[in-house]
Each structure stands twice: as C-alpha cells, then as structure tokens.
Amino acid sequence: MKWEENIRRVVPYVAGEQPNKPNMIKLNTNECPYPPAPGVAKLASEMDSNALRLYPDPNTTPLVKALAEYYHVRQEQVFVGVGSDDVLSMAFLTFFNSDKPILFPDVTYSFYDVWADLYRIPYKTCALDENWHIRPEDYGQPNGGVIFPNPNAPTGVFESLKTVEEIVRENRDVVVIVDEAYVDFGGESALSLLDKYDNLLIVQTFSKSRSMAGLRIGFCIGNEKLLGYLNDVKFSINSYTMNLPAQLLGVEAVRDDSYFKSVTAKIAATRERVKGELKELGFSFPDSKANFIFASHGTIPAEQIFLALREADIYVRYWNKPRISNCLRITVGTDGQMDKLIGFLSEYVVKHH
Ligand code: PMP
C-alpha cells in the first residue's frame, strides 16, 4: 500500500507476560511481592471521586516536592513521569539528538534500542566483559550520549560509583543517563555525583522498590537546566501525563520511609538466601544487587527450565537472544514463593540430571 511509505514503523518492545491465574507464582517482571506502604491503601480508600472532574496538576507538584525533600535536591531538579519508561522515553527524545551514536551495553534493558529506533537515534552497543561488567574505556569513544542501568538489567550487576563517575567525567559534552530502576536493593545511587556533573541524569521508579508498578510512577533527578529542556519536550507532547490518583498516592509511598526500608531489606535478604540455594542446585549467576537473579544451570538448558516452570505456573523471564539464551531472570518474590520455586527446581534438577 502506498500509504505505508509514510508511516513511522518500529518493532515494539515486548513486556513480560501478565498472566492472571489464582495460584501462579509471578517472578517474571521484577514487581515487588509486598503491598505498597499502608498509607497508600488508606488514602486510596478515602479518595473522593469528585476530584476526578478536574485536570490533574500538570507539574505534579506534591509528588515533586515530596521527592525533592526525600532526596535533598531542589524541586527544579525533579521530573515525574508515567513510570520510568515514560521518563526514559522523554529523555531519549530530548537529550539524544546527535548524529553520533548513543552508547549502551550489549546486554541491557531491551527498551533502549526500541526508543532509539523509534526516534531515529543512531546507537552502538558496547560489549560487557565476560563477568557482565561494563568496560568504562568503551565509553570514551565519540558518541551522542550514554545510557546504562545500574544495577544492570537483566544481569543484576552493580557498577561502583567510581566506574559511573569515570563514564560521566569522560563524557562531559553529552548527557549520561543512569537508569537506577533497581538501585534500592543494595546498590548505591549516583545522586551524590550530581553536584559535580551537570550532564548526569538519574532515573528511578516506584515500580520495584515501592511496590507500585500498577500505578505507573517514575522520576528523574538532574541539573535544573537539563530538566528545563526535558519539561519543554514533555509539555510539547502532553501536559497531563500523570493522573491525579497516582500523584497523590505516590506521595504516601515516599512518606513512609521505614516501610520502604523494611521491604527493600527483606527482598535483599531473600535474594541472598536464594543465591545459596540456587548454587547448591547447580546454577551460576553474576552477583546481583537487584531484585532478581540472572541464572544459568550447569547442564540443563534455560529454555527447558523456563517452559517446565511455566507449566507449573511459575513464571520467570527468558530471552532467546545472543549471549543470554541460556539464562533465566528470576525475580525475588516472598520467602514462601521462593521456597516453592526452589522446591520445584530441586525435583526438576534431580530428574533431568
Ligand atoms: N528500567 C529498567 C532497567 C527496567 O528493567 C524497567 C522495568 N521494565 C524500567 C526501567 C521501567 O520500569 P517502569 O516503567 O515500571 O518504571
């Protein structure tokens, strides 16, 4: 068809499946197995639906204010979006506008190349080393910007702030985005570098550590000037990206710091326990600081285990992609869920050895 010639075509990102079975164990999209902070439920039950008549605050002021206070930055340094995917997509569109390729790791969040394709941003991937670590020297080549998650996804590998700083320092002429979706489970945020580097943008989300994937809240923190440009693009697309309930409920999640800390500590403790058990069953994996483990078995192919788990209504994530086709990304669930996973795998491994 002639009209097809004028269409912006793209191969979309494929999200993990969202099955809805009563007894399933869902360890495939890195959601939090615990409910949001109690204040979120309380406010949700008290919400007045009449307030929905009006447009929400286009600047998401209460949430921006709460985040600025929590992270000890100025309000002008905080930008909120509909999940960090929204923030990242907007950041790609705003900051990656060069003829030179942007750089990101070869094994990483598989949305980056989709946004690059969508926005016609040239990109080049840099191979992680054999231990799944970033080689900072790769990021010294000419480029139009840099993005990487820390900890990385789907590996869970955390890069030291020294490595992060080296990359940001070597790239003062472009914007470096650090996607910290999983930083709250034992990594260290690059927020402390913001005073030194005006080309650094840090992106985080409420979807994992704050148990609110369903509400869609993400944010970024950076230099005020950088965020000014990001806001210009946002307000050129849609003023009211974030709905009113999300704005209000997000504030409640930020307020309850002790709940946040206890949930993230609990997940980190479960992760460390499960690492030991997986090892005993013959799995190996890079040391994860995220809420998932990227595991391969010594003798049984990952795809086979993935399908067997699925048959048992235990969902993990598997990609048939170069370098990672023998790995399973297993989200850390509750202790009870992980006991069931390990129970299943123990029997399975014995049977298929
Ligand atoms: N960054 C990374 C590395 C992720 O794995 C995810 C989750 N798919 C996101 C960003 C986006 O999460 P959300 O849009 O739910 O904030």
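Trainee: Where is Arg323 placed in this predicted model?

Mentor: Happy to start there. Two strands frame the spot: β12 covers 317-318 and β13 covers 328-331. Arg323 sits in the loop between β12 and β13.

Trainee: What is the phi of Arg323, given that it is not a glycine?

Mentor: Good one to check in a backbone plot. Arg323 is not a glycine, yet its phi is positive. The value is about 75°.

Trainee: Is Arg323 buried, partly exposed or exposed?

Mentor: Let's use the cut-offs. Buried means under 20% relative accessible area and exposed means over 50%. Arg323 has 40% relative accessibility, so the class is partly exposed.

Trainee: Which loop holds Arg120, and what is its phi?

Mentor: Take the loop before the angle. Arg120 lies between α4 (112-118) and β4 (123-126). Arg120 is not a glycine either, but its phi is positive, with a value of about 60°.

Trainee: How is Arg120 classed, buried, partly exposed or exposed?

Mentor: The cut-offs serve again: under 20% would be buried and over 50% exposed. The relative accessible area of Arg120 is 48%, so Arg120 is partly exposed.

Trainee: Which residue is joined to Pro151 by a cis peptide bond?

Mentor: Look in the loop between β5 (146-149) and α5 (161-170), where Pro151 is found. The cis bond there has an omega of about -5°. The partner of Pro151 is Asn150.

Trainee: And what is omega for the cis peptide bond between Ala153 and Pro154?

Mentor: Stay in the loop between β5 and α5, since Pro154 is placed there. A cis peptide bond joins Ala153 to Pro154, and its omega is about 5°.

Definitions and conventions. Residues are numbered from 1 along each chain as its sequence is written. This is a predicted model: local features need pLDDT of at least 70, side-chain atom pairs count only at pLDDT 80 or more; totals for chains, interfaces and linings use all residues. Side-chain values use heavy atoms; hydrogens and water are left out. Helices (H or I, at least four residues) and strands (E, at least two) are DSSP runs, numbered from the N terminus. Buried means under 20% relative accessible area, exposed over 50%, partly exposed in between (1.4 Å probe, protein chains only).
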